[in-house]
Amino acid sequence: MRLYNTLKRKKEEFVPLDGNKVNMYACGITAYDLCHIGHARSSVVFDVLVRYLRFKGYDVTFVRNFTDIDDKIINRANETGVTATELAEKFIGEFYVDMDRLNILRADIEPKCTEHIPEMIRLTSTLIERGHAYPTPSGDVYFKVRSFADYGKLSGRNIEDLQSGARIQPGEEKEDPLDFALWKAAKPGEPSWESPWGQGRPGWHLECSAMSEKYLPLPFDIHGGGQDLSFPHHENEIAQSEAATGKEMARFWVHNGFVQINSEKMSKSLGNFFTIRDILGKFLPETLRYFLLTMHYRSPLDFSFDALEEAEKGIRRVYTALEQTAEALQKTKWSKAALPAEVTDEIAEAEKGWAEAMEDDMNTAAALGHIFTLIRLAGRIGEEKSWRKSEGGRDAWARILEDVKKWGEVLGIFTAEPAVFLENLKQCMLERKGIDVSRVEELVAARQDARKNKDFARSDEIRDELAELGIEVKDTPQGPVWSVI
């Protein structure tokens, strides 16, 4: 498997440091608000990476933290009249609600910042002892950026370029504008902990260094997060951890791309900010997850509700094919005929292509394309009378179902019972489009009566009326079947 390593700015073969064991850390949320679609994308990306590594047979330990003390948390808590702890716990709970709906597996270890204050104090003390940090008279502690020769190696930024735009703010006691806080002296009314430098709390960057080192041996295999964390957060993590331990922190740094809204950056000030709840009020969770996988994880993802509707059509197509294929396999009599070799070769090529896509920097967009290749092939088998009645067709259908189920487990989609999913999707679309079911059924019945009376002009009129409502009717041997379009 090849993964793009931000540290090396290229794709590299991924080989775990310790045989079959993969140690992986990803930065989690700052728990002060509901999760937005950027959180959804990052969570889905690293969920699929963990699933795929386990699918390949690796023993994965996945650590994802929660930031439960931070300026944003304190400010929001003060605004709402609750404690910082109460606020953080509330939104950690809401995180689980959203991620469970998106079929995100829980991390093996989910540490919280406030539960690891002693580890952060020890790390800060070590950095001071080694000359990489210094306390100030007011009780702040800063990391000396220029003391770490490799600073900038992850983001590719140059110290001198950073210096040109850096300023020391009034009240700060930094020796250098580039230095960043490891420990912040307590302010009135803020949560704080006792330390060698007085009452205070940790800086944001410090927690991930302390917690990853506690739970994973350095260097661990993969450190993940959103592209926005590459600098300064991950750059500062590297500086802290490597300056304190003398060891490499992580071997592969994997970052997912941004989510844009109609080609613009998502921003509350622009009014184009969507939480996961906003989206799941209109679309099924699996539709959102599927949509997030339709673009390579490192590429920008342009979100729009039109794009979600296209994703909805795609996922419905797959589930419809799965349902029809499973029903076709219920037959008990099959001819001895085999399928032409080129048909079974197509299945083998799709299987090879899916594996190659996932091995090539986890290209889920290309992997989905190979699923659709199998779905189209399943349809072709059903259209050819001699194929659909043969043992060769039966075996091909069974193989296709097995492949889609297996790959779906890795991607976290296509694992529901098709009939149940399609009914849920139908109800979701009806509600979103505001379609009156009783009116639809009344028109479908009227169309059926017109057809029985050979009034085909009226039948066509009703069909057009249904189409204007967003309803398509198909005539089957069992009677008319309608669906939302």
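**Local geometry and packing around helix 6 and two loops**

P219 sits in the loop that runs between helix 6 and strand 9. In this predicted model, the bond that joins L218 to P219 is a cis peptide, with omega at about -5 degrees. A second cis bond leads from F231 to P232, where omega is near 5 degrees. P232 is placed in helix 7, whereas P219 belongs to a loop. Most peptide bonds are trans.

Helix 6 covers residues 204–215. Its buried residues are H205, L206, E207, C208, S209, A210, M211 and S212. These residues pack against both strands and helices. The strands are strand 3 (21–26), strand 7 (180–185), strand 8 (200–202) and strand 9 (220–226). The helices are helix 4 (117–129) and helix 7 (230–245). Helix 7, one of these packing partners, also holds P232. Strand 9, likewise a partner, borders the loop of P219.

The loop between strand 1 (2–5) and strand 2 (10–13) contains T6. R9 is found in the loop between strand 1 and strand 2 as well. T6 has a relative accessible area of 15% and is therefore buried, the cut-off being under 20%. Its side chain makes a polar contact of 2.8 Å with the side chain of H255. Beyond its neighbours within four places in sequence, T6 is in contact with L154, S230, W253 and H255. H255 thus appears both in the polar contact and in the list of contacts of T6. S230, another contact of T6, falls within the range of helix 7 (230–245).

R9 has a relative accessible area of 40%, so this residue counts as partly exposed: the value lies between the 20% and 50% limits. Phi of R9 is near 60 degrees, which is positive, and the residue is not a glycine. Most residues other than glycine have a negative phi.

F414 also has a positive phi, at about 60 degrees, and is likewise not a glycine. This residue lies in the loop between helix 14 (391–411) and helix 15 (418–433). F414 is buried because its relative accessibility is 4%, under the 20% cut-off. Positive phi therefore occurs here in a partly exposed loop residue, R9, and in a buried one, F414.

Conventions
Residues numbered from 1 in each chain as written. Predicted model: local features only at pLDDT ≥ 70, side-chain atom pairs only at ≥ 80, totals over all residues. Heavy atoms only, no water. Helix = DSSP H or I, 4+ residues; strand = E, 2+ residues; numbered from the N terminus. Buried < 20%, exposed > 50% of the residue type's maximum accessible area, 1.4 Å probe, protein only. Polar contact = N/O pair within 3.5 Å; in protein donor to acceptor, adjacent residues only side chain to side chain. Contact = heavy atoms within 4.5 Å.
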